[in-house]
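Subject: Structure for you to look through

Hello,

Here is the structure I said I would pass on. Please open it first, then read the notes below with the model beside you.

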Amino acid sequence: MTTAILSALPEEQASLIARLERAQRLTHAGRSFWKGELCARPVLLALSGIGKVAAATTATALIEHFGVARIVFTGVAGGLGEGVGVGDVVVAESFLQHDMDASPLFPRWEVPGYARTRFDCDARLSALLQDAARHCLSGADRLPELEDGVHRVHQGLVASGDRFVSGAQEALRLRESLGAAGHAVLAVEMEGAAVAQVCLDYSVPFAAIRTISDRADDTAHVDFPVFIQTVASRYAEHMVLALMRAL
């Protein structure tokens, strides 16, 4: 049973590709896929592309063409929730599309045809990711780049949209509008909700874990490039390997 590991950017997967055993590069739908083994388990590594449409296409290819048994998304996100700081890790419990608005035909954020706003992640897979994240953020696995404070693992709602949220006012509006509707969002990114929707359609387990690279505010463009290269990719490597050993 093959596990697919998705990331949005090459830097988020570089260290995993380097560790891949019996590596084989495949192409399909204009995308590159890396087939091989991690911890003696079959895996397929792929870049989702940036944004919901690209991510949905990649997820569909993984399921229909390659027949993967589960999909796991790793990468970075902007922190939105109170107490969610740079260097923390968020395990997604569910996703919503913060730019979905078919009102007045449907309630705001509800996805037409699904009668729901949130798309839940697989509970068992998410629990394994949470254990992997806690192990990564403690003891010997802790990265020296993050020795400046205590970093935490959070689990909850993540919002996705086709926009890089990088302004303090925009982040505040997003958090407050969702919060007023009962959606206490922890982080924001650009792909997870689309993958969650595809996986629901195909009844494929899905889970996602995101390292917080910035606070989705006016410093986002400064923090992001350095963080993704020095910390996030290594965290993804540690957490994915721990997950594969646990499966």
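A disulfide is a pair of cysteine sulfur atoms within 2.5 Å. Searching the whole structure with that cut-off gives zero disulfides. Please keep in mind that this is a predicted model.

Cysteines

Two cysteines show how the search came out. For C39, the closest cysteine sulfur is in C136, and at 13 Å it is too far for a bond. C39 is partly exposed, and its relative accessible area is 29%. C121 is in no disulfide either: the nearest cysteine sulfur belongs to C199 and lies 8.9 Å away. Because buried means under 20% relative accessible area, C121 counts as buried at 11%.

Strand β6 and its partners

Look next at β6, which covers residues 89-97. How many of its nine residues are buried? Eight of them are, so the strand is described as mostly covered.

β6 pairs with three strands that I can list for you:

- With β8 (residues 153-160), the pairing is parallel and runs over eight bridges. S94 stands opposite L157 of β8.
- With β10 (residues 206-214), the strands run antiparallel and three bridges join them. Here V91 is opposite I209.
- With β7 (residues 119-120), the pairing is antiparallel, over two bridges. S94 appears here too, standing opposite D120.

When you follow these strands on screen, one general point helps. In a regular strand, side chains alternate between the two faces of the sheet.

The hairpin of β2 and β3

β2 (residues 21-28) and β3 (residues 31-38) pair in the antiparallel sense, with six bridges between them. One of the matched positions is R25, whose bridge partner in β3 is W34. Two residues lie between the strands of this hairpin, and A29 takes a positive phi near 55°.

Salt bridges

The structure holds eight salt bridges. I describe some of them here.

What does D99 form a salt bridge with? Its partner is K52, and the closest N and O atoms are 2.7 Å apart. The two residues are 47 residues apart in the chain: D99 is in the loop between β6 and β7, and K52 is in helix α2 (residues 52-64). D99 is partly exposed at 35% relative accessible area, whereas K52 counts as buried at 11%.

E82 and R175 also meet through their side chains in a salt bridge, at 3.8 Å from N to O. E82 lies in the loop between β5 (70-79) and β6, and R175 lies in helix α4 (residues 168-180), so this pair ties together parts that are 93 residues apart in sequence. E82 is exposed, with 68% relative accessible area, while R175 is partly exposed at 24%.

A further salt bridge joins the side chains of E189 and R210, at 2.7 Å from N to O. It links strand β9 (residues 185-189), where E189 sits, to strand β10, where R210 sits, and the two residues are 21 residues apart. Are these residues buried or exposed? E189 is buried, with a relative accessible area of 5%, and R210 counts as buried at 2%. E189, E191 and R210 are joined into one network by salt bridges that share partners.

Helix α5

The last element on my list is α5, which covers residues 192-202. Why is this helix described as largely enclosed by the rest of the structure? Because eight of its 11 residues are buried. Those buried residues are G192, A193, A194, V195, A196, Q197, V198 and C199. C199 is also the residue whose sulfur is nearest to that of C121, as noted above.

A general point is useful when you turn a helix on screen. An α-helix has 3.6 residues a turn, so residues three or four places apart point the same way.

After α5 comes S203, whose phi is positive, near 55°.

That is the end of my notes on this model.

Regards

Conventions: Residues numbered from 1 in each chain as written. Predicted model: local features only at pLDDT ≥ 70, side-chain atom pairs only at ≥ 80, totals over all residues. Heavy atoms only, no water. Buried < 20%, exposed > 50% of the residue type's maximum accessible area, 1.4 Å probe, protein only. Helix = DSSP H or I, 4+ residues; strand = E, 2+ residues; numbered from the N terminus. Pairing = 2+ DSSP bridges. Salt bridge = Lys/Arg side-chain N within 4 Å of Asp/Glu carboxyl O.
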